[in-house]
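User: Could you take a close look at one part of this protein for me, and then connect that part to the rest of the chain? I'd like to follow along in the viewer.

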Amino acid sequence: MSEIHRVMYNLIVGMQQWQKSSFKDIPKQFLDGFQQFIYLCAKFDVEPPLDIPSLIQRLQLPASEWGIPEIEQLFPSEGRLLDLDIGLSLEADEFLEVYAHPNEYEQAAMKDILVYCRDQSLDKEYCKIRTFLSMPKHAVIAYQDLYFFLVEIGDEALIDKIKKCYEEISDLSRYRKCPHCGWTLEWINGNWRCNKENVCHVRADFHMPEEFPKSNMRYFRMTRGIHRYTLLPGISEHNIAERLSNKGYSVQMYPEIDNFDILVKCNGQTLALDVKDFYNPFYLAQYICQKRFEQDWNEDVWYVIPSYRLEIFPAYIQQVKIYIRDKINENIRFLSEGELYKKVGALLV
Ligand SMILES: [Zn+2]
């Protein structure tokens, strides 16, 4: 881990812990990050923040204004670490998603499941769990339904890891059901919002979202991290697979644990698709550049960007390509979801 990586990591995870404790005692990890940040400022001859409030002010500025030149290797230059409305920014969340190892921070439950299934060769179980966590009907779930699934999985260690993907929710009546993903909408500043990015808002009508059923049962919802990085992309993956299947192609989900998402087959020819749904194209580029040097790198994979990402940010794919060209200068294959449907027949080899 480089010096800058460690500073960012300590500040983000430290802030996560601090938010969780409703800003009681400042966690040691955040203080470590603060000291390391001061050290970096000295190294690059930048005026350091003198106390925690000035550090917090600095972290609300775009990273390019922190005065630390190498930061842009790891964090998008226009990104901020903290956001007044949502706390840790979407970029900070993606930082952990891309760089952190599964045992390093608690939100990485899905990565932990992936590593365990790969080590134990549990391909079928992995596919089952990922499919389960890709369904809107499982975003908020009664305890007994979750329990039936855990019994079906059977493996004790895996059961513990799946439990970490959920948290108990006591007051369901203050939430509404997201019409896109089934998760808990919260009423914030006069609008219903789905998690931090609220991306479901562009995909469904939030006008009169439905209430959750009133009942005395215990209910659980997916954690924020699982909602954002497993459920939302999972919905796109399954939609894409379904559309291809309706076009007459045979599709297989999560065929090699996590090497790619969908294997399309027709007349003995195949096509490997990996659906990627990062908010910031910077992190998709970082993800691919890291993956490029891993053992299971598969140069035949096509990276597919869901349509709604391109509606929000039309130059998304061009931007990823620019970042990749600057870093590794290799030709990586990208497709928008729309192009995929048009060209799928010609792409099979
Ligand atoms: Zn949603």
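Analyst: Happy to! Let's start where strand S12 and strand S13 (residues 333-336) pair in the parallel sense over four bridges. A quick word on what you are looking at: this is a predicted model, where local features need pLDDT of at least 70 and side-chain atom pairs count only at pLDDT 80 or more, while totals for chains, interfaces and linings use all residues. Residues are numbered from 1 along each chain as its sequence is written. Strands (E, at least two residues) and helices (H or I, at least four) are DSSP runs numbered from the N terminus, and two strands pair if DSSP finds at least two bridges between them.

Within this pair, Val 304 has Leu 335 in S13 as its bridge partner. S12 (residues 302-305) also pairs with strand S11 (residues 269-275), again in the parallel sense, over three bridges. There, Asp 274 stands opposite Tyr 303 of S12. As general background, strands of a sheet pair through backbone hydrogen bonds, either parallel or antiparallel.

Now for the surroundings. The chain is divided into domain 1 (3-99), domain 2 (109-226) and domain 3 (247-347), with bounds that come from an automatic or database domain assignment. The C-alpha centres of domain 2 and domain 3 lie 25 Å apart. Twelve residues of domain 2 are in contact with eight residues of domain 3, where contact means C-beta atoms, placed from the backbone, within 7 Å. On the domain 2 side of this boundary, helices H5 and H6 each supply at least two residues. H6 gives the largest share of that side, five residues.

A good residue to click on is Ile 257, in the loop between strand S9 (250-253) and strand S10 (262-266). Leaving aside its neighbours within four places in sequence, Ile 257 is in contact with Leu 114, Cys 117, Arg 118, Asp 123 and Tyr 126. It counts as partly exposed because 17 other C-beta atoms lie within 10 Å; on this scale, 20 or more make a residue buried, 12 or fewer make it exposed, and partly exposed is in between, with C-beta atoms placed from the backbone. By contrast with those contacts, Glu 210 is 47 residues from Ile 257 in sequence and 35 Å away in space, C-alpha to C-alpha.

Helix H10 (residues 281-291) is worth a look too. Its buried residues are Pro 281, Phe 282, Tyr 283, Leu 284, Ala 285, Gln 286 and Ile 288. They pack against helix H4 (90-99) and helix H12 (316-327).

Next, the interior. A nonpolar core is a set of buried Ala, Val, Leu, Ile, Met, Phe, Trp, Tyr and Cys residues joined through C-beta atoms within 7 Å. The largest one has 33 residues, and those with the most contacts inside it are Ile 113, Cys 165, Cys 181, Trp 183, Met 222, Ile 226 and Leu 231. Among the elements that give it two or more residues are helix H5 (109-119), helix H6 (123-132), strand S8 (219-222) and helix H9 (224-246). H9 makes the largest contribution, with five residues. Ile 113, apart from its neighbours within four places in sequence, is in contact with Tyr 126, Ile 129, Leu 158 and Lys 161. A second, separate core of 26 residues includes Ile 262, Ala 272, Ile 324 and Leu 340.

Two antiparallel sheets complete the tour. One is an open sheet of three strands in the order S3-S8-S4. S3 and strand S4 (166-169) stand at its edges with a single partner strand each, so one side of each has no neighbour in the sheet. S4 and S8 are joined by four bridges, and Tyr 166 has Met 222 in S8 as its bridge partner. The other open sheet runs S5-S6-S7, with strand S5 (176-177) and strand S7 (191-194) as its edge strands. Strand S6 (residues 184-188) is joined to S7 by four bridges, and Leu 185 has Cys 194 in S7 as its bridge partner.

Zooming out, the chain holds 13 helices and 13 strands, and buried residues make up 34% of its 349 residues. Its C-alpha trace spans about 65 × 55 × 45 Å along the principal axes. Among contacts between residues at least 6 apart in sequence, 63% join residues at least 24 apart.

Conventions:
Two residues are in contact if their C-beta atoms, placed from the backbone, lie within 7 Å.
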